[in-house]
Amino acid sequence: MEFRSPTVAAQQNAAAITYLTKSLDDPAAGRAVVERLIEELGSVTDGYPDWHPLLTLPPQTSRMHRSSLQQVEAYKGLDHTIEFVRGFVTCPYSDKTADQLVKAVNAVPGLEAHRLPEPLYSDQAYPVVVTALNVELEGDGTIRSRDALGWFVSRSASEAANAQVAETWWNIRSYILGRPHGSRSSLFVNQHTGAHMRKILEAMNESGMFGPIKESSLDMLSQKKRNSIGETLIRTAVTNWDQKAPSFTFELRGETCKASVRDTWEDNEELSVRVEIGEHDLYVSGFYYPARNEITNVDPRGKRQLAEKFL
C-alpha cells in the first residue's frame, strides 16, 4: 500500500495525544500541550533513522549500533516516551531523574532539553522535552533535504571501515528512512530525499567500500510473488518427501534444495516445512495441510535473482 504521509501523521498524532492525556485529571489541558509539541517538533514517529542528530550527536562509549533512544547514554531515565521528527518528550516519575536528564542533554552541543510545567502521561510524572536544534522541517513536515542527505552520507561513510558486508536498501531502509515508512519515504524524509538516499546507498554498495553485497529482504517483490515463491518450494518439498526422512535434498530449476519436513502434531493434520538453498541464499518456511492441500508460509528471504527462479 502506498505510504500517505498526511494520513499516517494524523493517525500517529492522534494516538500520541490519547496516550499522553488519557490518565490526566485534565485531559483537555494535556491535549493542548501535546498539540503544541506537534507544532514545534513535527509529527509523531515510531523510530529515528540512524543518521538523526538525536542518535548521532550524544557521545558514545561503545561500538554498539545505535538504533533507538534507549541505547543513548545521555538519555538515561527515559520513561513513557513519545518521539517526534525534531525531538521527543519523556515522562519519568522522578523529579531527580528529570533534572539529571535535562543536565545531561544540555551538555551535548546541538541538543536542548527543558522541563515542562504541565503534566503529561500522569499527573505524578515530570515531562522533559528534548530537541535537536539543527533539524529544520520542510513545508511538508519532513527534514530539510540537504541536511538529511548530508547526515545520511556522513553516517554511512563512517561505517565503511568496520563493515563486513554491504546491506541493500530493502534490508536496511527502516534504519535509513525511520519508522513508519513506505518504499522510499517516511515522516522524516519525503520521496525526493528518499529516492536520492537509495541512489547514494546503491552507489556506495557498488563501489565495494562496505564489502560484498548481502541480500536478505525480498520486499521489492510484491506480496503475491513472495507467496508464490514460498508455495512453490514448500509444495515441491512435500511432493519429494518420502514421509520418513526428516531432512533431504531435491533438485528444482537447476538448484539443489535442502529441505526438512515433520508432522507437527503427529496426526497428519499439519506438516512443518523448511527449504534452504545455499548458505542462506534463499530460505522459506511454512506449513502444509494435507486434508485441504493448502499451504501457509512466512515471507521468503534471500537473493532476488535466485528467488525469481521460482516464480
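Colleague: Is Phe 188 buried or exposed?
Modeller: Phe 188 is buried, at 0% relative accessibility. Keep in mind that this is a predicted model.

Colleague: Which ring does Phe 188 pair with?
Modeller: The partner is Tyr 48. The two rings form a tilted pair, 5.6 Å centre to centre, with 55° between the planes.

Colleague: Why quote both a distance and an angle?
Modeller: A pair of aromatic rings is described by the distance of the centres and the angle of the planes.

Colleague: Where do Tyr 48 and Phe 188 lie in the chain?
Modeller: Tyr 48 is in the loop between S1 and helix H3 (53-56). Phe 188 is in the loop between helix H6 (169-177) and helix H7 (191-207). These parts are 140 residues apart in sequence, so the pair ties them together.

Colleague: And Tyr 48, buried or exposed?
Modeller: Tyr 48 is buried, with a relative accessible area of 3%.

Colleague: How many aromatic pairs does the structure hold?
Modeller: There are five aromatic pairs. One of the pairs is made by Trp 51 and Trp 151. Those rings are stacked, 6.4 Å centre to centre and 25° between the planes.

Colleague: Which parts of the chain does that Trp pair link?
Modeller: Trp 51 is in the loop between S1 and H3, and Trp 151 is in helix H5 (residues 145-158). They are 100 residues apart. Trp 51 is buried at 2% relative accessibility. Trp 151 is partly exposed, at 24%.

Colleague: Back to Phe 188. Which residue of S1 touches it?
Modeller: Thr 45 does. Thr 45 is in strand S1 (residues 44-45). Besides Phe 188, its contacts include Gln 12, Arg 179, Pro 180 and Leu 187. Thr 45 is buried, with a relative accessible area of 5%.

Colleague: What stands opposite Thr 45 in S2?
Modeller: Glu 83 stands opposite Thr 45. Glu 83 is also among the contacts of Thr 45. S1 and strand S2 (residues 82-84) pair in the antiparallel sense, over two bridges.

Colleague: What is the strand order in that sheet?
Modeller: The order is S1-S2-S3-S5-S4, an open sheet with antiparallel pairing.

Colleague: Which strands stand at the edges?
Modeller: S1 and strand S4 (111-115) do. Each has a single partner strand, so one side of each has no neighbour in the sheet.

Colleague: New topic: H6. How many of its residues are buried?
Modeller: Seven of its nine residues are buried, so H6 is mostly covered. Trp 169, Trp 170 and Ile 172 are among the buried ones. So is Arg 173.

Colleague: What covers them?
Modeller: The cover includes H5, strand S6 (166-167), H7 and strand S7 (213-214). Just after H6 comes Gly 178, with a positive phi near 80°.

Colleague: What about S8? Which way do its side chains point?
Modeller: They alternate along strand S8 (residues 247-252). Phe 248, Phe 250 and Leu 252 point to one face and are buried. Ser 247, Thr 249 and Glu 251 point to the other face and are not buried.

Colleague: How many bridges join S8 to S9?
Modeller: Six bridges join S8 to strand S9 (residues 255-263), and the two run antiparallel. Phe 248 has Ala 259 as its bridge partner in S9. The hairpin has two residues between the strands. Arg 253 takes a positive phi near 50° there.

Colleague: Now the largest nonpolar core. How many residues has it?
Modeller: It has 61 residues. Those with the most contacts inside it are Leu 54, Tyr 75, Met 197, Leu 233 and Val 275. Apart from it lies another core of 18 residues, including Ala 16, Leu 20, Val 44 and Cys 91.

Colleague: What does Tyr 75 touch?
Modeller: Its contacts include Leu 54, Pro 58, Phe 88 and Val 130.

Colleague: And Val 284, buried or exposed?
Modeller: Val 284 is buried, at 1% relative accessibility. It is found in strand S11 (residues 282-289). Leu 233 and Val 275 are among its contacts.

Colleague: Last one. What are the domains?
Modeller: Domain 1 is 5-132, domain 2 is 145-214 and domain 3 is 223-309. The centres of domain 1 and domain 3, taken over C-alpha atoms, are 45 Å apart.

Terms used: Residues numbered from 1 in each chain as written. Predicted model: local features only at pLDDT ≥ 70, side-chain atom pairs only at ≥ 80, totals over all residues. Heavy atoms only, no water. Helix = DSSP H or I, 4+ residues; strand = E, 2+ residues; numbered from the N terminus. Buried < 20%, exposed > 50% of the residue type's maximum accessible area, 1.4 Å probe, protein only. Contact = heavy atoms within 4.5 Å. Pairing = 2+ DSSP bridges. Phe/Tyr/Trp six-rings, centres within 6.5 Å; stacked < 30°, edge-to-face > 60°. Core = buried A, V, L, I, M, F, W, Y, C linked by side-chain atoms within 4.5 Å. Domains from an automatic or database assignment. Lists of a residue's contacts leave out its neighbours within four places in sequence.
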